[in-house]
Amino acid sequence: MARVRIEYPQEQTFFRHEMTLRITDLNYGNHLAHDTLISLIHDARAQLFISHGHKEIDIDGNGTGVVVADLAISYRAEVFYPDTLTIEIAFDEMSRKGCDLVYRVTKASDGGLVAVAKTGIVFFDYNERKAAPVPEEFKQMIADVQPVAQA
């Protein structure tokens with residue numbers, strides 16, 4: 001069976017977010033649950049927008065936000081309670097109505113790779129209920145962001 005391969009764009013980290021695992025983030029194997037990782041990268045994405053004065057649901061102040069069109073994750077290592085994770089985000093593959101966000105999840109204590117993920121986001125006019133062009137506010141956000149120094 002072919003495995004999902006996600007390459008993190010080296011030296012293109014635009015946002016870094018840390019979070020400590022909660023006991024409720026574990027599954028019956030006593031390690032980070034796969035569905036919780038999806039929630040953690042969602043939280044990091046929301047924090048990315050908030051850090052630039054935007055909301056995922058309304059980036060331009062006129063009701064244009066994002067929807068996740070696709071998601072892929074490649075799990076690389078277990079993590080346990082109460083490990084702290086670092087989630088880095090890079091932008092990739094900009095198109096007329098969306099882009100990819102690529103996530104690198106590492107263990108804060110030693111930098112060990114936990115997972116690499118990708119979400120394809122599409123900009124969405126929540127008033128019209130249809131896909132929308134990339135808002136100028138998002139383009140400006142990307143232009144203004146300086147890459148974060150590698151950890």
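Begin by selecting Tyr75, which in this predicted model is partly exposed, with a relative accessible area of 44%. Tyr75 belongs to strand E2, and if you colour that strand from residue 64 to residue 75, you have the setting for the next selection.

Keep Tyr75 on display and add Ile38, Val68 and Leu71, because these residues together make a nonpolar surface patch of about 330 Å², and Tyr75 itself, at 44% relative accessible area, is partly exposed. Strand E2 provides the largest share of this patch, namely three residues.

From the surface, turn to the interior and select Leu85, Ile87, Val105 and Phe138, which, of the 32 residues in the largest nonpolar core, touch the most other members. To see which elements build this core, show strand E1 (13-20), helix H1 (34-50), strand E2, strand E3 (84-92), strand E4, strand E5 (113-125) and helix H2 (136-144), each of which supplies at least two residues. Among the contributors, H1 gives the most, with six residues. There is also a second, separate core of six residues, and its members include Ile6, Tyr8, Ala72 and Val102.

Now centre the view on Phe138 and display its surroundings: leaving out residues up to four places away in sequence, Phe138 touches Phe49, Ile59, Phe91, Met94, Cys99 and Phe123. Several of these names return in the next selection, since Phe14, Phe49, Phe91, Phe123 and Phe138 form one aromatic cluster.

Stay with the aromatic rings for one further stop. The structure holds five aromatic pairs, and one of them joins Phe124 and Tyr126 in an edge-to-face arrangement, with 4.9 Å from centre to centre and 75 degrees between the planes. When you look at the two partners separately, Phe124 turns out to be buried, with a relative accessible area of 16%, whereas Tyr126 is partly exposed, with a relative accessible area of 24%.

For the last stop, select Thr106, which lies in strand E4, the run of residues 98-107. Thr106 is buried, with a relative accessible area of 11%, and, if its neighbours within four places in sequence are left aside, the residues in contact with Thr106 are Thr84, Leu85, Thr86, Gly111, Gly112, Leu113 and Val114. Displaying these contacts brings Leu85 back into view, one of the residues that touch the most other members of the largest nonpolar core.

Definitions and conventions. Residues numbered from 1 in each chain as written. Predicted model: local features only at pLDDT ≥ 70, side-chain atom pairs only at ≥ 80, totals over all residues. Heavy atoms only, no water. Helix = DSSP H or I, 4+ residues; strand = E, 2+ residues; numbered from the N terminus. Buried < 20%, exposed > 50% of the residue type's maximum accessible area, 1.4 Å probe, protein only. Contact = heavy atoms within 4.5 Å. Patch = residues over 30% accessible without salt bridge, like charges linked within 9 Å, V, L, I, M, F, W, Y side chains within 5 Å. Areas by Shrake-Rupley, 256 points an atom, 1.4 Å probe, with all protein chains shown as cover. Salt bridge = Lys/Arg side-chain N within 4 Å of Asp/Glu carboxyl O. Phe/Tyr/Trp six-rings, centres within 6.5 Å; stacked < 30°, edge-to-face > 60°. Core = buried A, V, L, I, M, F, W, Y, C linked by side-chain atoms within 4.5 Å.
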